[in-house]
Amino acid sequence: MTQLTDGELRLMKIIWERKQLHSQDLVEICNERLGWKKSTTYTMLKKLITKGAARNEHADVSAVVTYDEYIYDQRKQVIARYFNNSLPSFVNMFAREEKLSKKDIEELEKIIKKYD
């Protein structure tokens, strides 16, 4: 899935939170929480539909992908784009930058052993 803009992600978070809602309810929530007008909400919703993230069927809006699916896909894209699809390269860079604690290292070892 294509990466969502900040505005699109804010709208998707509302859709994920509500699971399914009437488009008019979405307009009201976006006005209250985001200060968006009706036209802005519908423009952003149309972009989400085009990207395959949301649907609007008979004025009922819902997500096509879950939050977890979206986040998983974004992680995969980052690893592919910046680390040549190499998870070890990603972990190595992260470990150098963040100075992993002993607890972090133990948790990583458990994860590796789980899939070994």
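**Strands, salt bridges and a pocket**

Strand β1 (residues 20-22) runs antiparallel to β3, and three bridges join the two. The model behind this description is a predicted one. One of the pairings puts His-22 of β1 opposite Asp-60, its bridge partner in β3. On to the next pair of strands: β2 and β3 are also antiparallel, with four bridges between them. Here Arg-55 has Ser-62 as its bridge partner in β3. The two strands form a hairpin with two residues between them, and in that hairpin His-58 adopts a positive phi near 55 degrees.

Ser-62 deserves a closer look. This serine sits in β3 (residues 60-63), and its relative accessible area comes to just 10%, below the 20% cut-off, so Ser-62 counts as buried. What does Ser-62 touch, once residues up to four places away in sequence are set aside? The contacts are Ile-15, Lys-19, Gln-20, Ala-54 and Arg-55. Arg-55 thus turns up twice, as a contact of Ser-62 and as its bridge partner.

Arg-55 has a side-chain partner as well. Its side chain meets that of Glu-57 in a salt bridge, with N to O at 4.0 Å. Both ends of this pair are partly exposed: Arg-55 has a relative accessibility of 32%, and Glu-57 comes out at 47%. Elsewhere, salt bridges with shared partners link Glu-17, Arg-18 and Arg-33 into one network.

How many salt bridges does a search of the whole structure turn up? The count is four. One of them brings the side chains of Lys-51 and Glu-8 together at 2.7 Å, N to O. Lys-51 belongs to the loop between α3 (38-50) and β2 (54-57), while Glu-8 is part of helix α1 (residues 6-18), so this salt bridge ties together parts that lie 43 residues apart in sequence. The two partners fall into separate burial classes: Lys-51 is partly exposed at a relative accessible area of 26%, whereas Glu-8 is buried, at 3%.

Within the network, the side chains of Arg-33 and Glu-17 form a salt bridge at 2.6 Å, again N to O. Arg-33 is in helix α2 (residues 23-34) and Glu-17 in helix α1, so the pair ties together parts 16 residues apart in sequence. Neither end is tucked away: the relative accessible area of Arg-33 is 44%, which makes this arginine partly exposed, and Glu-17, at 46%, is partly exposed too.

That leaves the empty space. The largest pocket has a volume of about 460 Å³. Its lining is made up of 14 residues, and those closest to the centre are Leu-87, Phe-90, Val-91, Leu-108 and Ile-111. Which helices each supply at least two residues of the lining? They are α4 (67-83), α5 (87-98) and α6 (102-115). As for the chemistry of the lining, 12 of its residues are nonpolar and two are charged, with no polar ones.

How values were computed: Residues numbered from 1 in each chain as written. Predicted model: local features only at pLDDT ≥ 70, side-chain atom pairs only at ≥ 80, totals over all residues. Heavy atoms only, no water. 1 Å grid on protein atoms, 1.4 Å probe; cavity = no way out; pocket = protein on both sides within 12 Å on 5 of 7 lines; lining within 4 Å. Points joined across faces, edges and corners; volume = space filled by probe spheres on them. Nonpolar A, V, L, I, M, F, W, Y, C, P; charged D, E, K, R; others polar. Buried < 20%, exposed > 50% of the residue type's maximum accessible area, 1.4 Å probe, protein only. Contact = heavy atoms within 4.5 Å. Pairing = 2+ DSSP bridges.
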